Amino acid sequence: MKPSLDIVIVNWNVGRHLGLCLDCIRATNRDGFDLKRVVVVDNASSDSSVDNLHFPDLPLSLLRNAENRGFAVACNQGAWASSADYLLFLNPDMRVLDDSLQIPIQFMEEPRNAGVGMCGIQLLDEERNVSRSCARFPTPGSFFSRMLGLDRLFPKQFKGHFLGQLDHLKCRQVDQVMGAFFLVRHKLFESMHGFDERFFVYFEELDFSYRAHQAGWQSYYLTTAQAYHKGGGCSEQVKGRRLYYSLCSRILYCYKQFGWAAATGVMLGTLLVEPFSRLVLAVAHKSVLEMQQILQAYTLLWRVLPSLLRNHRGNVKHKEPSPEAMGSIPAE
């Protein structure tokens, strides 16, 4: 019997990309697997991006949230009740090619790859350059080197989060593949209880990959299949908020995966050191807007810090902050 696939796409105000993404899925080669569902989970978009989705050639389902519940929650919603062998979490700004789905599923089906739980493929930008989409598991030291910009100033001594360009030119086992194209065995996703919903956005696939790694599963990166990835997508619209969410998720991840002392050290560095290094870089760029975005993100981070620290101790979801707390950061 052929393996089956469900695709989950989380949408937030990217109608200009979503239609193209679905059209590319419709045109892919499905020989060797059954595409059971394509689930679009809309996080309260205001751009009418899901009002006129008409793809009769796709087994399309639409879930609408009355509020933006976050990426991890929406992914889990889309995967709920799935009976497929594989789940593919796909960003709406992705453009899959003819064999983007077929090749990784064939790879995962090979008996020798039974220990591979997650698979990613080679992502190309709009200029057909290979994008960095494979990463190392972070350590407290790597977070500090990034805060100070040491990974950019001295890349040989301080390895960055993402693997180097040459590492993306061959198939290989990696720590983590990017969530833009995240193919995972359904049985693994269920055993891990899905993504941790405390991560509103960012770090959810890193956390999942690390937990799966601890359970003995591997992540693999394939260059034999490719797809186009614009990058930015939903979060490109609100860069100040994007930084805020990234910092929040970093702190949550550190308290979850590192010891208390190391996590607290990373948190203090995030709050007291990194804002200044980022502002210095913004001054070097002569960008007033960049400085405003940094100040907005860190102001908001300080405001939500008490609830964030409570958050890591229990299964409390990271909620969208109120418009009043967001200040001048663009609302959704």
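**Exercise 1. The surroundings of Leu124**

Which residues does Leu124 touch, not counting residues up to four places away in sequence? Use the predicted model and establish also whether Leu124 is buried or exposed.

*Solution.*
Step 1. Locate the residue: Leu124 belongs to strand β6, which spans residues 116–124.
Step 2. List its contacts. With residues up to four places away in sequence set aside, Leu124 touches Asn129, Val130, Ser131, Gln226, Ala227, Tyr228 and His229.
Step 3. Take one of these partners, Ala227. Along the chain, Leu124 and Ala227 are 103 residues apart, yet 6.1 Å separates their C-alpha atoms.
Step 4. Assess accessibility. The relative accessible area of Leu124 is 3%; buried means under 20%, and Leu124 is therefore buried.

**Exercise 2. A serine in strand β11**

Determine the contacts of Ser219 and state which backbone oxygen lies 3.5 Å from a polar atom of its side chain.

*Solution.*
Step 1. Ser219 is part of strand β11, residues 218–229.
Step 2. A relative accessible area of 3% places Ser219 among buried residues.
Step 3. Leaving out residues up to four places away in sequence, the residues touched by Ser219 are Met118, Gln173, Val174, Asp175, Gln176 and Ser209.
Step 4. The backbone oxygen in question is that of Asp175, at 3.5 Å from a polar atom of the Ser219 side chain.

**Exercise 3. The enclosure of helix α3**

Explain why helix α3 (residues 102–109) is described as largely enclosed by the rest of the structure, and identify elements that cover its buried residues.

*Solution.*
Step 1. Identify the buried positions of α3: Gln102, Ile103, Pro104, Ile105, Phe107 and Met108.
Step 2. Relate them to the whole helix. Because 6 of the 8 residues are buried, α3 is largely enclosed by the rest of the structure.
Step 3. Name the cover. The elements over these buried residues include β1 (4–11), β4 (86–90), β6, β10 (181–185) and β11.

**Exercise 4. The packing of α9 and α11**

Describe the geometry of the pair formed by helix α9 (residues 260–272) and helix α11 (residues 288–311), and classify the residues of their contact.

*Solution.*
Step 1. Choose the descriptors: two packed helices are described by the angle between their axes and the distance between the axes.
Step 2. Here the angle is about 155° and the axes of α9 and α11 are 11 Å apart.
Step 3. Angles over 145 degrees count as roughly antiparallel, and α9 and α11 are therefore roughly antiparallel to each other.
Step 4. The crossing of the two helices, α9 and α11, is left-handed.
Step 5. On the α9 side, the contact involves Met267, Thr270, Leu271 and Leu272; on the α11 side, Tyr298, Leu301, Trp302, Leu305 and Leu309. Of the residues in this contact, 8 are nonpolar, 1 is polar and none is charged.

**Exercise 5. Positive phi values**

Where do Ala44 and His193 lie, and what is the accessibility of Ala44 and of His193?

*Solution.*
Step 1. Ala44, a residue other than glycine, has a positive phi near 60°. Ala44 sits in the loop between β2 (34–43) and β3 (60–65), and its relative accessibility of 25% makes it partly exposed.
Step 2. His193 also has a positive phi, near 60°, and is not a glycine. The loop between α6 (186–191) and α7 (204–214) contains His193, which counts as exposed at 69% relative accessibility.
Step 3. For a glycine, consider Gly149, which follows α4 and has a positive phi near 75°.

Methods
Residues are numbered from 1 along each chain as its sequence is written. This is a predicted model: local features need pLDDT of at least 70, side-chain atom pairs count only at pLDDT 80 or more; totals for chains, interfaces and linings use all residues. Side-chain values use heavy atoms; hydrogens and water are left out. Axes are lines fitted to C-alpha atoms, for helices over the stretch in contact, and angles run from 0 to 180 degrees between N-to-C directions. Helices (H or I, at least four residues) and strands (E, at least two) are DSSP runs, numbered from the N terminus. Angles under 35 degrees count as roughly parallel, over 145 as roughly antiparallel, 65 to 115 as roughly perpendicular and the rest as oblique. A crossing is left-handed if the near helix is turned anticlockwise from the far one by less than a right angle, and right-handed if clockwise. Contact means heavy atoms within 4.5 Å. Ala, Val, Leu, Ile, Met, Phe, Trp, Tyr, Cys and Pro count as nonpolar, Asp, Glu, Lys and Arg as charged, and the others, Gly among them, as polar. Buried means under 20% relative accessible area, exposed over 50%, partly exposed in between (1.4 Å probe, protein chains only). A polar contact is a pair of N or O atoms within 3.5 Å; within protein, one must be able to donate a hydrogen and the other to accept it, and residues adjacent in sequence count only if both atoms are side-chain atoms.
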